[in-house]
Amino acid sequence: MSDLQQEIKHYSFELNREMLKLLGDEFDLDKTTSRFAEAVKGKSLSEIETVGKDFFETFGREWMTRTHKLGDEYPDRTYEVLREAVDKTNGYLKFALVPQRFIEIAYLSTQDLSVLPIIENNHNRLIYRLIQCKCLNLVREKCGEEIANLLTCRHGCLEACRTIHRELEIDALIRQTATIPVGGYCQFEAARA
């Protein structure tokens, strides 16, 4: 076996399973939604919207901050190549490739997904979609349809996306362009500012 074949053999292009498990355990959606259900118990819908926004924004910020930290601590060959490409283009490729990596890690560690559907990724926009959302399903199960349809969990997804862009020092406009209750899926967009 040549030196090059030996070097290639040791590269891993897969996300580290230990990292995904650490994140999945730390940000377990069953426990998170149980805490949310307890926090909104007996509250009016307007109070639930306020409590839910704060609750899930905090969750999203902590979830993505931890994902970013662990994603850097557990690099794979794909991430190494990505960083090299960003360096060679003086940072031009940083948006939207680098945020996508961390967003994928976050969702793959907490949702029942084998892949996060990326609808668009180019130098202007990153668009991704959740067709099934474990968090929303658990909120529905624990709090009922009316509270689930408030979609307070969207604040976690939006804040997670804002957080990774902030931590990577990328100016981006973050918005939600579709919701499961209306369109059958949640879709999020980060656009170059």
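# Reading rings, sheet and sulfurs

Reader: Let me start with one residue. Is Tyr79 buried or exposed?

Author: Tyr79 counts as buried, because its relative accessibility is 5%, under the 20% cut-off. Keep in mind that this is a predicted model.

Reader: How many aromatic pairs does the structure hold?

Author: Nine aromatic pairs. Tyr79 and Phe102 make a good example. Their ring centres are 5.6 Å apart and their planes stand at 80°, so the pair is edge-to-face. An angle over 60 degrees is what earns that label.

Reader: Where do Tyr79 and Phe102 sit along the chain?

Author: Tyr79 is in helix H5, residues 77-88, and Phe102 is in helix H6, residues 94-110. They are 23 residues apart, so the pair links distant parts of the chain.

Reader: And Phe102, buried or exposed?

Author: Buried. Its relative accessible area is 0%.

Reader: Which charged residue lies over the face of Phe102?

Author: Arg101 does, at 5.4 Å from the ring centre. There is another case to look at. The charged end of Arg129 sits over the ring of Tyr185, 3.9 Å from the centre of that ring.

Reader: Which residues form an aromatic cluster?

Author: Phe27, Phe59, Trp63, Tyr107, Tyr128 and Phe188 form one cluster. Remember Phe188. We will meet it again.

Reader: Now the sheet. How are strands held side by side in general?

Author: Strands of a sheet pair through backbone hydrogen bonds, and the pairing is either parallel or antiparallel. In this model, four strands form an open sheet. Read across it and the order is S1-S2-S4-S3, with antiparallel pairing.

Reader: Which are the edge strands?

Author: Strand S1 (118-121) and strand S3 (172-178), each of which pairs on one side only. From one strand to the next, the twist averages 15°.

Reader: How many bridges join S2 and S4?

Author: Six bridges, in the antiparallel sense. S2 covers residues 125-130 and S4 covers residues 186-192. To see one bridge, find Arg125, whose partner in S4 is Ala191.

Reader: Which strands does H6 touch?

Author: H6 packs on the sheet and touches S1, S2, S3 and S4. Its direction makes about 15° with that of S2. Helix H9, residues 154-167, also packs on the sheet. H9 touches S2, S3 and S4, and its direction makes about 155° with that of S3.

Reader: Can we zoom in on a residue of H9?

Author: Take Leu158, which has its place in helix H9. Leu158 is buried, with a relative accessible area of 11%. Set aside its neighbours within four places in sequence. Leu158 is then in contact with Ile174, Arg175, Gln176 and Phe188. Here is Phe188 again, a member of the aromatic cluster. Leu158 and Phe188 are 30 residues apart along the chain, yet 7.5 Å separates their C-alpha atoms.

Reader: Last topic, sulfur. How many disulfides does a search of the whole structure find?

Author: Zero. A disulfide needs two cysteine sulfur atoms within 2.5 Å.

Reader: Why does Cys133 have no bond to Cys153?

Author: Because the distance is too great. Cys153 holds the closest cysteine sulfur to that of Cys133, and it is 5.0 Å away, too far for a bond. For Cys153, the closest cysteine sulfur is in Cys135, at 4.7 Å, which is again too far for a bond.

Reader: Is Cys133 buried or exposed?

Author: Cys133 is buried, with a relative accessible area of 7%. Cys153 counts as buried too, at 10% relative accessibility.

Key. Residues are numbered from 1 along each chain as its sequence is written. This is a predicted model: local features need pLDDT of at least 70, side-chain atom pairs count only at pLDDT 80 or more; totals for chains, interfaces and linings use all residues. Side-chain values use heavy atoms; hydrogens and water are left out. Rings of Phe, Tyr and Trp (its six-membered ring) pair if their centres lie within 6.5 Å; planes under 30 degrees apart count as stacked, over 60 as edge-to-face and the rest as tilted. Helices (H or I, at least four residues) and strands (E, at least two) are DSSP runs, numbered from the N terminus. Buried means under 20% relative accessible area, exposed over 50%, partly exposed in between (1.4 Å probe, protein chains only). A charge sits over a ring if NZ of Lys or CZ of Arg is within 6 Å of the ring centre and within 35 degrees of the ring normal. Two strands pair if DSSP finds at least two bridges between them. Axes are lines fitted to C-alpha atoms, for helices over the stretch in contact, and angles run from 0 to 180 degrees between N-to-C directions. Contact means heavy atoms within 4.5 Å.
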